[in-house]
Every structure is written in C-alpha cells, then in structure tokens.
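Q: Please take me through the reading of a protein model, one feature at a time.

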Amino acid sequence: MHAGLFAEEITGLDEALSAVDGFDEALTDGLLRPRPETAARVTGLAHAVAGTPLAARTAEAAERTAAGAADEDHLVTLAAARTALLGSVHDALAERAAEALGRPRAEAPAPRPGERRQTPNLLAAARAWLRDLALLGWRGIDHEAVSASAQVVSAMLGEPGLRRQASLLDGFAGELAASCPGSSLDRVPARRWADLWTRAMLLTVPGAADTPAEGTATGRLLPLGVDLHEYATGAQAQVHAVFEPADGSAPRLVRAAVSVPKPDSVVGAGVWQLLRPHMSLLTAVGEGRSMELTGMPVTAEGDLLWDDAHASAGGTADPFVTARVALPAATDQVTAPLDRHPARIALPVFLEGYTAQAGEEGTEFTVAGHTLPVDTGRVPVAGPLTPQAVGTSCACVGLLRWDAGSFFVQPLAVERTVRGKTVALHAGGWAAGTTDKAGAKAEKAATDAVAVLRERAGRLLRT
C-alpha cells in the first residue's frame with residue numbers, strides 16, 4: 001500500500017464539494033423567492049459543470065431558478081448536475097484509492113433497460129411533490145407539505161416497478177415529518193436531505209432506475225468480514241468477500257447483504273438471532289468457513305442476490321489468509337451511475353506492520369510513516385471486536401472509506417498479540433453463535449423477546 005497517496009491533494013475536489021454545499025444551502029433556504037445569495041449558490045452549481053454536456057441546460061435551469069420561475073424539468077436538471085459533481089468526486093477518490101492499494105478496477109457495464117410499465121402519472125406526481133419541497137426549502141416545511149406525499153407513495157407501492165422509488169419517498173417523508181416544522185430546527189442536515197431529494201428527483205425520470213445486467217456466480221466464496229448496522233427497528237449485515245470463479249478467471253470482490261426488521265428490545269448480539277436464519281453465509285463467517293456457490297445471482301456491481309439454494313458449506317477459510325493472499329489480486333467492484341457518491345466508497349483493505357496509537361480525534365494507524373485515521377465508532381457491540389482491541393492490534397482487515405475530507409479505515413477484524421500468541425477478533429465473530437457470557441445472555445434475551453412477540457402476533461391473527 002502506498003499510504004502517502006491518501007494524504008495528497010486531489011485537484012478540483014474542494015471546488016466541486018463547495019459547489020455542492022452551496023446548492024444544498026440554497027435548498028435549505030428554498031427556491032420559491034430566492035434571495036441574491038441563494039441565486040448565487042444555484043448559479044455556482046451551473047458554473048461548476050461548465051464545459052460538460054450538462055452546461056447549457058444547467059445554465060438555463062440556474063437562470064430560471066434565480067428568477068423564481070423554475071419548473072420541474074429545471075429542478076431535474078439541477079439534481080442531475082449535483083449528482084454529476086458528486087459522481088466526479090467519487091470517481092477521483094476511487095481512482096486515488098485504487099492507485100494506493102494497487103488493485104485492478106473493473107470496467108462499468110452498460111445499464112440494462114428494465115421492464116417499464118406505463119406509470120407517467122405516478123412519477124409526475126412524485127416529481128411535483130419534490131418540486132414543492134424545493135420551493136419551500138427545509139426551513140419552510142410543515143406537516144401539511146410533507147403529508148402530501150402519502151397518497152403518491154401508497155399508489156406507487158402498488159406498482160412493483162416503482163417500489164424502489166416509493167420506499168425512498170416514504171423514508172424521506174418520514175424523516176422530514178419527524179423534523180417538522182423546519183423553522184424550529186436548530187440544525188438542518190442539509191447534505192443528507194439534499195442527497196435524498198436529488199436521488200428521488202432523478203428516479204422520477206423514466207429509465208433512471210435501470211440497472212446493469214445480472215449474471216450468475218459459480219465458484220468459491222472467501223469471506224473477509226461483516227459490516228453490521230443496527231437501528232431501533234431494523235438491522236443489516238453486509239458480508240464482504242473475495243469470489244474465485246470456478247472457470248479460473250480473475251477473482252473479484254463481492255458483497256452479500258441481509259436486512260431484517262426488529263423490535264427495539266432486541267439489541268447487541270441478539271440481532272444475529274434475527275439475521276442468521278435468512279442467510280447461511282453468516283454462519284459460515286462465524287465458523288471461519290468458505291462457501292461454494294452454484295449459479296448464485298449476482299449484479300454487475302458485485303452484489304450477490306443471496307439464495308441459500310445456490311450455496312453450500314465449504315472448507316476452512318481464515319479471513320486473514322484471504323486478505324494476505326487473495327485480496328491483492330481481486331478486482332474491485334464497479335459502481336452504478338446514480339450510486340457514485342463519496343459516501344458509497346467502502347473498499348476492503350488489509351493492513352499490517354503499522355503502529356496503532358491514540359490521536360486527537362481517536363485511534364490512528366501509522367503506515368509506512370503516514371497516518372491513517374481509524375473509525376472505531378463503527379465497531380458493532382454485537383461481536384468480540386472492541387475499540388480497545390483495535391488500538392492494540394498489529395494487523396487489520398477493514399473497509400477504506402472517505403468522509404469529512406480524508407480517507408479512514410473501518411475495522412472488520414484485527415489480529416493482536418496476547419501472551420506471545422496471535423489472536424484474531426472479528427466484528428462478525430458471533431454470527432454463528434457465541435459462548436461469550438455477555439453475548440450468550442443477549443442471544444437468550446432475543447430468543448425470549450421474539451418468542452413473546454410471535455405469540456402475541458399469533459393471538460392477534462386468531463382474534
């Protein structure tokens with residue numbers, strides 16, 4: 001790894017992000033009667049894409065918006081320009097990461113047109129609601145404006161081809177409703193809401209939701225680690241792995257994810273009780289085994305559409321052996337056009353021979369004389385890996401991410417020396433079950449809570 005490249009400046013990065021921030025501030029203020037500073041921020045977005053195929057349309061959209069006369073097409077154009085800018089940031093960061101890691105990158109395939117049903121009225125209705133939000137601005141939202149989405153979302157959920165858009169709108173509206181009225185907010189999450197608004201706006205354009213063609217995967221899957229996310233009402237586990245095709249072609253990085261709803265009483269190690277039955281891969285991860293895949297559906301981006309019918313248990317597979325031997329030659333995943341965003345960068349990496357120390361803002365790894373921040377706040381409590389273990393480690397399998405102007409590492413597993421022996425700790429170490437006292441207690445509590453809820457649900461269905 002050429003760690004020094006992570007600290008080198010990327011030309012144009014700050015300017016692109018500044019233009020995005022300016023437009024996000026304009027959305028916060030609202031575009032109905034834009035003030036001079038708001039108009040200048042929208043114009044700044046147009047200037048940032050000058051010289052690109054979007055230049056002429058964005059300049060016109062910015063001019064009409066600055067005059068308070070923007071229609072839906074103009075706002076779609078501005079959303080496209082913002083997405084293009086963040087996409088360029090994503091590409092520059094991904095290119096820098098690939099250069100530093102020395103791994104090959106895959107070529108992005110052409111999108112595959114999906115089956116399109118005639119639903120122009122629903123998409124137009126969604127676009128109209130999003131336009132109203134942009135005119136009001138985040139400071140101007142109220143419950144009446146936000147609730148106007150309910151009828152649109154309800155109708156879209158009835159169309160299988162629009163459920164992706166409907167889920168996004170529903171979640172976005174729920175988040176806005178929880179923050180109403182906007183005028184009372186001490187702090188507006190401008191970047192997040194602008195991200196959601198932009199994506200939702202572009203997904204109302206026919207064809208925008210087209211995805212790269214799917215294929216199948218047959219070969220050996222070697223897990224690297226689990227990225228676990230736990231929320232009050234849900235949990236998700238995403239397994240990062242190296243896939244070795246049976247035909248002998250180059251290995252590639254892939255992901256497999258499972259998401260489940262959960263009661264808020266199930267916490268910590270108890271979430272594995274809910275996740276484990278839906279994906280046998282989690283058991284394999286916890287037991288340190290590989291998986292043999294036969295015809296497993298996989299997207300061009302490297303996301304396995306997991307189906308246990310296409311997988312069987314393999315032999316022993318140590319993630320650290322995989323990281324040392326197979327990871328350096330594995331081809332990185334590609335990213336779909338609408339997913340090109342700095343927050344989506346999550347590249348599996350392997351580090352060793354570093355020095356771990358506590359910095360001003362948390363743990364840091366010094367690699368070949370260069371400092372790389374470590375986000376121990378992302379270490380889940382549902383596993384044996386702890387921030388303290390990361391701080392005394394000598395090797396790490398993690399995800400390389402980028403935020404707030406710098407690259408950082410999210411640990412998935414570490415090796416440390418205890419009494420002269422090397423001990424490995426994994427974030428997904430309890431995925432197959434645990435004998436740890438605290439973990440076993442959480443598992444039992446989860447079993448009892450789920451049993452009670454199922455009994456109550458059954459009683460309600462019988463009445």
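**Reading the model**

A: Start with Arg419, which counts as exposed because its relative accessibility is 86%. Exposed means over 50% relative accessible area, buried under 20%, and partly exposed in between, using a 1.4 Å probe and protein chains only. This is a predicted model, in which local features need pLDDT of at least 70 and side-chain atom pairs count only at pLDDT 80 or more, while totals for chains, interfaces and linings use all residues. Residues are numbered from 1 along each chain as its sequence is written, and side-chain values use heavy atoms, with hydrogens and water left out.

Q: Where is Arg419 in the chain, and what is phi there?
A: Secondary structure comes first: helices (H or I, at least four residues) and strands (E, at least two) are DSSP runs, numbered from the N terminus. Arg419 sits in the loop between β14 and β15 (421-426). Its phi is near 55°, a positive value in a residue other than glycine.

Q: Is Ala404 buried or exposed, and which loop holds Ala404?
A: Ala404 is exposed, because its relative accessible area is 74%. It belongs to the loop between β13 (395-403) and β14 (406-418). Phi of Ala404 is also positive, near 55°, and Ala404 is not a glycine.

Q: Which residues does a cis peptide bond join?
A: The bond between Cys180 and Pro181 is cis, with omega about -5°. Pro181 lies in the loop between α8 and α9.

Q: How do I read strand pairing, and how many bridges link β3 and β4?
A: Two strands pair if DSSP finds at least two bridges between them. β3 and β4 are antiparallel and share 11 bridges. One pair to look up is Val226 with its bridge partner Val239 in β4. The two strands form a hairpin, with 3 residues between β3 and β4.

Q: What joins β4 to β5?
A: The link is 10 bridges, and the strands run antiparallel. Gln236 has Ser259 of β5 as its bridge partner. β4 and β5 also form a hairpin, here with 6 residues between them, and Gly248 in the turn has a positive phi of about 85°.

Q: How many residues of β4 are buried?
A: In a regular strand the side chains alternate between the two faces of the sheet. Strand β4 (residues 234-245) is mostly covered, with 10 of its 12 residues buried.

Q: Which other strands pair with β6?
A: Strand β3 (residues 215-230) runs antiparallel to strand β6 (residues 289-298), with 6 bridges between them. Gly215 is matched there with Val298 in β6. β6 is also antiparallel to strand β8 (residues 311-316), joined by 4 bridges. In that pairing, Leu293 is opposite Ala311 of β8.

Q: Is Val254 buried or exposed, and what is Val254 in contact with?
A: Val254 is part of strand β5 (residues 252-261). It counts as buried because its relative accessibility is 2%. Contact means heavy atoms within 4.5 Å. Setting aside neighbours within four places in sequence, Val254 has contacts that include Leu221, Val239, Phe243, Leu304 and Gln333. For a long separation along the chain, take His47: it is 207 residues from Val254, and the C-alpha atoms are separated by 38 Å.

Q: How do I read a helix pair, and at what angle do α5 and α8 cross?
A: Axes are lines fitted to C-alpha atoms, for helices over the stretch in contact, and angles run from 0 to 180 degrees between N-to-C directions. Helix α5 (residues 120-136) and helix α8 (residues 163-177) have axes that come within 12 Å and cross at roughly 25°. Angles under 35 degrees count as roughly parallel, over 145 as roughly antiparallel, 65 to 115 as roughly perpendicular and the rest as oblique. α5 and α8 are therefore roughly parallel to each other. Residues making this contact include Leu123, Trp129 and Leu133 of α5, and Gln165, Phe172 and Leu176 of α8.

Q: Where do α4 and α9 fit on that scale?
A: The axes of helix α4 (residues 72-101) and helix α9 (residues 190-202) come within 9 Å and cross at roughly 120°. α4 is therefore oblique to α9. Among the residues that meet are Leu75, Arg82 and Leu86 in α4, and Arg191, Asp195 and Trp197 in α9.
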